[in-house]
Amino acid sequence: MFLSESHLRRLIRKLIIEKGGVHQFHGAGDAETLTQYKSVPGPKFGKGKGSVVNPISDAPEEIKIADKYIQEEEPDELIAYSRGGAMVQELDDEEYKKIKKIKYVAPAAKRGWTPKPVKPAPSGSEAYADSGDSLVSLTQVAQIASDAGIKTVKVYHDRKLPDLVGKPTGRKDKETGKEKISHWRGVGIFKHQTAADKGIGNKIDDNSEVIEIPANRILQAAGKKEIVDWKGARSKPEQVEQQWNWVNNYKNESTVRNVIREILLEKKKVKCPLKNGKRDYKCEYKKYGGASKKGKKDRAARNQARKVAKREGRVKKGDGKEIDHKKPLSKGGSNAKSNQRVVSRATNRKKGNK
């Protein structure tokens with residue numbers, strides 16, 4: 001009797017009652033990930049290259065396999081790739097509770113594979129997407145993350161993906177006989193497949209990086225039509241390009257914001273030295289870019305109050321007197337005479353902002 005390596009691994013785990021570890025639910029017709037990433041075991045749904053039954057509820061035997069697998073393995077982490085993200089929602093609630101963490105990778109739970117709502121994810125769960133994916137939209141991953149209680153989506157972003165568009169594919173068109181030229185949807189299908197390399201196999205190429213984007217920020221962009229959700233339909237090349245460009249722009253804007261933040265933090269680290277044992281207000285004013293709009297408005301009001309009091313003879317130059325606002329302007333006090341009084345400089349400075 002011949003036993004495959006995956007069956008042998010499972011048998012050994014059963015014999016020594018080993019549970020936990022990292023496991024995977026493979027995608028539609030994509031059971032080869034079980035052999036590509038042997039260190040990440042999982043159940044096989046369907047025969048051959050894997051099941052493509054849609055909806056999954058039409059294959060109750062697959063749901064039973066999934067439930068039984070989770071019951072036996074009790075994963076520390078379950079990587080749910082593509083259709084596997086929909087299979088997670090079909091799990092029995094009691095079995096689902098045994099999963100300690102879920103890592104959604106290009107999950108297709110919003111593409112019609114299951115009508116069931118997304119389950120709340122265990123603490124520490126993650127959601128990953130690819131900016132160039134033409135099968136599972138970025139919006140869908142963000143919606144799954146939001147429904148599951150995952151605050152951010154980690155986006156694989158290939159900086160050089162546009163270089164692949166417009167290049168000969170090496171295949172000929174059956175009708176025209178001409179060589180086919182790659183387009184955004186075509187390279188996007190490839191990016192959906194390689195998301196498994198990154199999410200399951202932890203293989204991130206030199207041209208790619210991971211950009212963390214708040215799920216609600218992605219959903220806001222979708223609401224403004226900055227990116228498009230093609231749901232379960234066939235995506236258009238321009239929609240995929242728009243999605244990639246949005247992520248690229250977000251990355252560039254984030255880089256600028258981070259540089260500005262670092263400059264401001266650096267400025268705060270350098271404190272103005274004391275001048276004759278006292279704070280150097282001129283240095284601080286220059287260092288922090290001057291007063292706020294409210295501060296400037298209050299200062300103008302103080303100057304006006306002093307000017308009026310001087311004209312009325314209540315104060316004069318060199319008398320050591322100042323105009324005190326009973327209720328400070330900074331706390332909402334008015335500049336009316338009823339809120340003013342003449343006090344000594346020492347009294348006014350001692351009072352401060354009280």
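**Exercise 1.** In which loop is Ser82 found? Determine also whether the residue is buried or exposed, and describe its phi.

*Solution.* The model is a predicted one, and the first step is to place the residue along the chain: Ser82 is found in the loop between strand S2 (77–81) and helix H4 (83–90). The next step concerns the backbone, where Ser82 has a positive phi of about 50° although it is not a glycine. Finally, the relative accessibility of Ser82 is 9%, and since buried means under 20%, Ser82 counts as buried.

**Exercise 2.** Carry out the corresponding analysis for Lys231, and decide whether this residue is buried or exposed.

*Solution.* Lys231 belongs to the loop between helix H8 (215–223) and helix H9 (237–269). Its phi is near 50°, a positive value in a residue other than glycine. The relative accessibility of Lys231 is 53%, and because the threshold for exposed is over 50%, Lys231 counts as exposed.

**Exercise 3.** Locate Asn339 and list the residues that it touches, leaving out those up to four places away in sequence.

*Solution.* The location comes first: Asn339 lies in the loop between strand S9 (321–325) and strand S10 (340–344). With a relative accessible area of 9%, Asn339 is buried. Beyond the excluded sequence neighbours, Asn339 touches Asp324, His325, Lys326, Lys327, Gly333 and Ser334.

**Exercise 4.** Describe the largest nonpolar core, and name the helix that gives the most to it.

*Solution.* The largest nonpolar core has 44 residues, and those with the most contacts inside it are Phe25, Tyr104, Leu138, Val153 and Trp246. Helix H6 (residues 138–148) gives the most to this core, contributing 6 residues. A second, separate core has 9 residues, including Tyr37, Val40, Ile79 and Tyr81. Returning to Phe25, one finds among its contacts, not counting residues up to four places away in sequence, Pro43, Phe45, Leu78, Met87 and Leu91.

**Exercise 5.** Why is the protein described as more spread out than a compact globule?

*Solution.* The secondary structure of the protein comes to 12 helices and 10 strands. Its radius of gyration is 32 Å, whereas the globule rule gives 20 Å for 354 residues, and because the former is well over the latter, the protein is more spread out than a compact globule. The C-alpha atoms fill a box of roughly 110 × 60 × 40 Å along the principal axes. As for burial, 41% of the 354 residues count as buried.

Methods: Residues are numbered from 1 along each chain as its sequence is written. This is a predicted model: local features need pLDDT of at least 70, side-chain atom pairs count only at pLDDT 80 or more; totals for chains, interfaces and linings use all residues. Side-chain values use heavy atoms; hydrogens and water are left out. A nonpolar core is a set of buried Ala, Val, Leu, Ile, Met, Phe, Trp, Tyr and Cys residues joined through side-chain atoms within 4.5 Å. Buried means under 20% relative accessible area, exposed over 50%, partly exposed in between (1.4 Å probe, protein chains only). Helices (H or I, at least four residues) and strands (E, at least two) are DSSP runs, numbered from the N terminus. Contact means heavy atoms within 4.5 Å. The radius of gyration is taken over C-alpha atoms; the globule rule is 2.2 Å times the number of residues to the power 0.38.
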